[in-house]
Amino acid sequence: MSRTIAEKRAAFRALHASGCFMLPNPWDAGSARYLASLGFQALATTSSGYAWSKGHADNHVERDAVLAHLREMVAATDLPVNADFENGFGADPAAVGESVRLAVATGVAGLSIEDATGAADGSLFPLDVAVARVAAARRAIDENGGDTLLVGRAENFFSGKPDIDDVLVRLRAYAEAGADCLYAPGIKTREHIEAVVEAVAPKPVNVLVSGPSDFTLQDLAAMGVRRVSVGGALARAAWGGAMRAAQLLAQGRFDGFADAAPGAQLNALFLKDR
């Protein structure tokens, strides 16, 4: 039986209450349905994976297209979906609030707001502006049901400014401004992860693992992490396989298809429950 949007959001919030869960990132309806078939409890979109599927670079897709993508992803499975909502598609708090209102209407169970300006120099919004943007997102959620989970992101390590002290200041401020979950993509060491967990406790922390890691999900759980996402890593893995096969095809060779998924298996998956 299909769950209502309210039920999905309640289930998503419950996942953040204790323990640690994997939050994989599909980039289209098909990959979402496959991940759901493996028993994951929730999914998150990936701005990069979706952008590449449309022939764009990450952070170069217009808001209306992203909103349409969120609606498609919410409808694809019965799982809660967390939206990678980039920097809220607006520099000032009012614009962020309007974008968040539209995102909530798609039915997502959660959404994240980044503090990167999107400028070529990788700059971040000044702290007071970044906090005001998170507060605007909080108000927009509260005014439109209040049950969508808000994730505050400090983009220092992704923006070439790996200052853990500034990350901690920013995440504490976002927590105080109403973020339900905190996230600093790019941190990788035990020291940094544990520092973030401690800084915002008892609020939950998301950690990104987008490549081979010495840590397991159990290791991250022991550090106090509540959820682990993979960003565009699954999309990059799919692109890697397709690129290797295509490059061999350009040489007149077909052995790049050796690890291709069987069509019968894919058909069986997508016929199920339809």
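What follows is a walk through one predicted model, from its cavity out to its helices and a few odd backbone spots. Because this is a prediction, local features need pLDDT of at least 70 and side-chain atom pairs count only at pLDDT 80 or more, while totals for chains, interfaces and linings use all residues. Residues are numbered from 1 along each chain as its sequence is written, and side-chain values use heavy atoms, with hydrogens and water left out.

Let's start with the empty space. Rolling a probe the size of a water molecule over the atoms shows where such space is left. Here the structure holds one cavity of 30 Å³ or more, and the largest cavity comes in at about 70 Å³. A cavity, by the way, is a set of points on a 1 Å grid over the protein atoms alone where a 1.4 Å probe fits but cannot get out, and lining residues have an atom within 4 Å of a point. Grid points are joined across faces, edges and corners, and the volume is the space filled by probe spheres set on the points.

Which residues line the largest cavity? They are T45, T46, S47, Y50, A51, V61, V66, H69, L70, D84 and E86. Five of them are nonpolar (Ala, Val, Leu, Ile, Met, Phe, Trp, Tyr, Cys or Pro), two are charged (Asp, Glu, Lys or Arg), and four are polar, the class for the others, Gly among them. Helix 3 and helix 4 (63-76) each supply at least two lining residues. Helices (H or I, at least four residues) and strands (E, at least two) are DSSP runs, numbered from the N terminus.

Helix 4 deserves a longer look. Its 14 residues should span 20 Å at 1.5 Å a residue, and its end C-alpha atoms are indeed 20 Å apart; the expected span is 1.5 Å times one less than the number of residues. Its buried residues are V66, L67, H69, L70, M73, V74 and A76, where buried means under 20% relative accessible area, exposed over 50% and partly exposed in between (1.4 Å probe, protein chains only). They pack against helix 1 (5-15), helix 2 (29-37), helix 3, strand 3 (81-84) and helix 5 (93-104).

Helix 3 (47-53) also has the buried residues of helix 10 packing against it, namely A233, A235, G240, A245 and L248. Back in helix 3 sits S53, which counts as partly exposed because its relative accessibility is 38%. The C-alpha atoms of S53 and W27 are separated by 7.6 Å, though the two are 26 residues apart along the chain.

Now back to E86 from the cavity lining. E86 lies in the loop between strand 3 and helix 5, and at 6% relative accessibility it counts as buried. E86 has a positive phi of about 50° although it is not a glycine. F89, in the loop between strand 3 and helix 5, has a positive phi too, near 55°. E114, in strand 4 (residues 110-114), touches D84, E86, N87, R133, R153 and E155, leaving aside residues up to four places away in sequence; contact means heavy atoms within 4.5 Å. At 9% relative accessibility, E114 counts as buried.

One last backbone oddity: the A201 to P202 peptide bond is cis, with omega near 10°. P202 lies in the loop between helix 8 (190-200) and strand 7 (205-208).

Conventions: On a 1 Å grid over the protein atoms alone, a cavity is a set of points where a 1.4 Å probe fits but cannot get out, and a pocket is an open set with protein on both sides within 12 Å along at least five of seven lines; lining residues have an atom within 4 Å of a point.
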